[in-house]
Amino acid sequence: QVQLVESGGGSVQAGGSLRLSCAASGYSYKQYTMGWFRQAPGKEREGVATIGAYAFGGLTVYSDSVRGRFTISRDDAKNALYLEMNSLKPEDTAMYYCAAARRGYVGATWHNEASFGYWGQGTQVTVSS
């Protein structure tokens with residue numbers, strides 16, 4: 001059974017940094033595309049970043065709002081996914097979710113939550129001004 005558990009969320013001031021982690025289990029992690037999504041109060045869940053399987057080149061994609069500030073990475077030996085978040089802004093405040101897609105590459109649909117079949121419970125990130 002696929003299980004995704006996020007950690008690393010917290011409260012920081014604007015300009016600060018956080019590193020989110022996602023521990024995966026129950027499936028062939030290295031064969032899956034992994035992603036981070038977030039949902040702010042009153043808003044729809046949105047794609048933040050994804051990383052494909054290394055067998056497909058390990059391609060990374062970022063939303064315009066986080067590109068240059070966030071970095072997604074994966075450690076297949078540890079079945080782990082990370083999101084390094086720097087220069088945080090109040091608008092980054094949201095619940096952050098780890099997601100897994102049962103294919104090595106999701107292409108143009110990376111930002112669509114329907115492309116991901118497995119989800120964690122989320123970790124809260126709060127950025128104060």
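## Strand β4 and its partners

A residue counts as buried when its relative accessible area is under 20%. Keep that cut-off in mind as you look at the structure, which is a predicted model. By that rule β4 is mostly covered, because 6 of its 7 residues fall under the cut-off and are buried. You'll find this strand at residues 33-39.

Which strands does β4 pair with? One of them is β9, which runs antiparallel to β4 over 7 bridges. To spot the pairing on screen, look for glutamine 39, whose bridge partner in β9 is methionine 95. Another is β5, again in the antiparallel sense, this time over 5 bridges. Here methionine 34 stands opposite isoleucine 51 of β5. β4 and β5 make a hairpin with 6 residues between them, and glycine 42 in the turn has a positive phi of about 80°.

## The nonpolar cores

Now for the inside. In soluble globular proteins, nonpolar side chains tend to be buried together. In this model, the largest nonpolar core has 29 residues, and the ones touching the most other members are Met34, Trp36, Leu81, Leu83, Met85 and Tyr96. Several strands chip in: β3, β4, β5, β7, β8, β9 and β11 each supply at least two residues of this core. Apart from it lies another core of 6 residues, including Ala99, Ala101, Val106 and Trp110.

Tyrosine 96 is a good one to click on. Leaving out residues up to four places away in sequence, tyrosine 96 touches a mixed crowd, among them Leu20, Phe37, Val48, Phe70, Leu83, Met85 and Val125. Its list of contacts also includes Glu6 and Arg38, and that arginine comes up again below.

## One disulfide

How many disulfides does the model have? The count comes to 1. A disulfide is a covalent bond between the sulfur atoms of two cysteines. Here the two are cysteine 22 and cysteine 98, with sulfur atoms 2.1 Å apart. Cysteine 22 sits in strand β3 and cysteine 98 in strand β9, so the bond ties together parts that are 76 residues apart in sequence.

The torsion about the S-S bond is about -75°, so this disulfide is left-handed. Are its cysteines buried or exposed? Cysteine 22 is buried, because its relative accessible area is 1%. Cysteine 98 is buried too, because its relative accessibility is 0%.

## Salt bridges

Side chains of opposite charge can pair when their charged atoms come close. The structure holds 7 salt bridges. One of them joins arginine 19 and glutamate 84, at 3.7 Å from N to O. This pair links distant parts of the chain, with arginine 19 in strand β3 and glutamate 84 in strand β8, 65 residues apart. Arginine 19 has a relative accessible area of 45%, so it counts as partly exposed. Glutamate 84 is partly exposed as well, because its relative accessibility is 31%.

Back to arginine 38. This residue forms a salt bridge with glutamate 46, the closest N and O atoms being 2.6 Å apart. Arginine 38 also meets aspartate 92 in a salt bridge of 2.9 Å, N to O. That second pair connects strand β4, home of arginine 38, to the loop between β8 and β9, where aspartate 92 lies 54 residues away. Step back and you get a network of salt bridges linking Arg38, Glu46, Arg69 and Asp92.

How covered are these residues? Arginine 38 and aspartate 92 are both buried. For arginine 38 that is because its relative accessibility is 6%. Glutamate 46, at 35%, counts as partly exposed.

## Two loop residues

The loop between β8 and β9 also holds glutamate 91. Its relative accessible area is 55%, so glutamate 91 is exposed. Glutamate 91 is 38 residues from serine 129 in sequence, while their C-alpha atoms are 9.7 Å apart in space.

Serine 115 is in another loop, the one between β9 and β10. Buried or exposed? Serine 115 is buried, because its relative accessible area is 12%. Its side chain makes a polar contact with the side chain of threonine 109, at 3.0 Å. Setting aside neighbours within four places in sequence, serine 115 is in contact with Ala101, Arg103 and Thr109. You've already met Ala101, a member of the core of 6 residues.

Technical notes
Residues numbered from 1 in each chain as written. Predicted model: local features only at pLDDT ≥ 70, side-chain atom pairs only at ≥ 80, totals over all residues. Heavy atoms only, no water. Helix = DSSP H or I, 4+ residues; strand = E, 2+ residues; numbered from the N terminus. Buried < 20%, exposed > 50% of the residue type's maximum accessible area, 1.4 Å probe, protein only. Polar contact = N/O pair within 3.5 Å; in protein donor to acceptor, adjacent residues only side chain to side chain. Contact = heavy atoms within 4.5 Å. Core = buried A, V, L, I, M, F, W, Y, C linked by side-chain atoms within 4.5 Å. Disulfide = S-S within 2.5 Å. Salt bridge = Lys/Arg side-chain N within 4 Å of Asp/Glu carboxyl O. Pairing = 2+ DSSP bridges.
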